[in-house]
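Me: Got a minute to go through this one with me? I'd like the helices, then the sheet.

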Amino acid sequence: MTAPTVLLIDDEEALRTVIKTALEDAGFVVTPAENGAAAIAALGQGRFDLIITDIIMPGKDGMEVLSELHRIDSGIPVIVMSGGGRMPPEQYLGMAQKFGARAIPEKPFRLPEMVETAKRVLALEAQ
């Protein structure tokens, strides 16, 4: 069985690094992207089993990424995370659900919870 591939999108380098490490330690192959534009470029380079994205990012934000992803390949499951911004996090995450997000953890979260969420979403997709 090949390791599941994840596209991880977050503009906070430290958070991106710790999530990437936790997922890799759990057996995932992770491609990091620092913003939405880098994520869309990565989508053009390969196939991913799962996308984990932040919502609030400079430039192309997570909602724009979700919208473009829906046009590129709406079959890839997405986990959307947010710590909020101009609106409370639950409003951003509610909008993300409307775009098909499979899980919407709110920052801050514990790394083991993110790993378990990724595993759960992929297990549900495999059924």
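Me: How do H1 and H5 sit to each other, roughly parallel or oblique?

Reply: H1 and H5 are oblique to each other, because their angle is in neither the roughly parallel range (under 35 degrees), the roughly antiparallel one (over 145) nor the roughly perpendicular one (65 to 115). H1 covers residues 13–25 and H5 residues 111–126; they pack at about 55°, with axes 10 Å apart. Axes are lines fitted to C-alpha atoms, for helices over the stretch in contact, and angles run from 0 to 180 degrees between N-to-C directions.

Me: And what am I looking at, source-wise?

Reply: This is a predicted model: local features need pLDDT of at least 70, side-chain atom pairs count only at pLDDT 80 or more, and totals for chains, interfaces and linings use all residues. Numbering starts from 1 along each chain as its sequence is written, and side-chain values use heavy atoms, leaving out hydrogens and water.

Me: Back to H1 and H5. Which residues make the contact?

Reply: H1 brings Val18, Ile19, Ala22 and Leu23, and H5 brings Leu111, Met114, Val115 and Ala118. Contact means heavy atoms within 4.5 Å.

Me: What classes are those residues?

Reply: The H1 contact with H5 has eight nonpolar residues, no polar and no charged ones. Ala, Val, Leu, Ile, Met, Phe, Trp, Tyr, Cys and Pro count as nonpolar, Asp, Glu, Lys and Arg as charged, and the others, Gly among them, as polar.

Me: OK, new topic. In what order do the strands of the sheet run?

Reply: The order is E2-E1-E3-E4, an open sheet of four strands with parallel pairing. Strands pair if DSSP finds at least two bridges between them; the elements are DSSP runs numbered from the N terminus, helices (H or I) of at least four residues and strands (E) of at least two.

Me: Which strands stand at the edges?

Reply: E2 (29–33) and E4 (78–81) do; each has a single partner strand, so one side of each is left without a neighbour in the sheet.

Me: How many bridges join E1 and E2?

Reply: Five, in the parallel sense, with E1 being residues 5–9. Thr5 stands opposite Val29, and Ile9 has Ala33 as its bridge partner.

Me: Is E1 mostly covered or mostly open?

Reply: Mostly covered: four of its five residues are buried, meaning under 20% relative accessible area with a 1.4 Å probe, protein chains only.

Me: What lies across E1?

Reply: H2 (residues 36–45) lies across E1, E2 and E3 (50–54), at about 160° to E1. H5 packs on the sheet too, touching E3 and E4, and its direction makes about 150° with that of E4.

Notes:
Buried means under 20% relative accessible area, exposed over 50%, partly exposed in between (1.4 Å probe, protein chains only).
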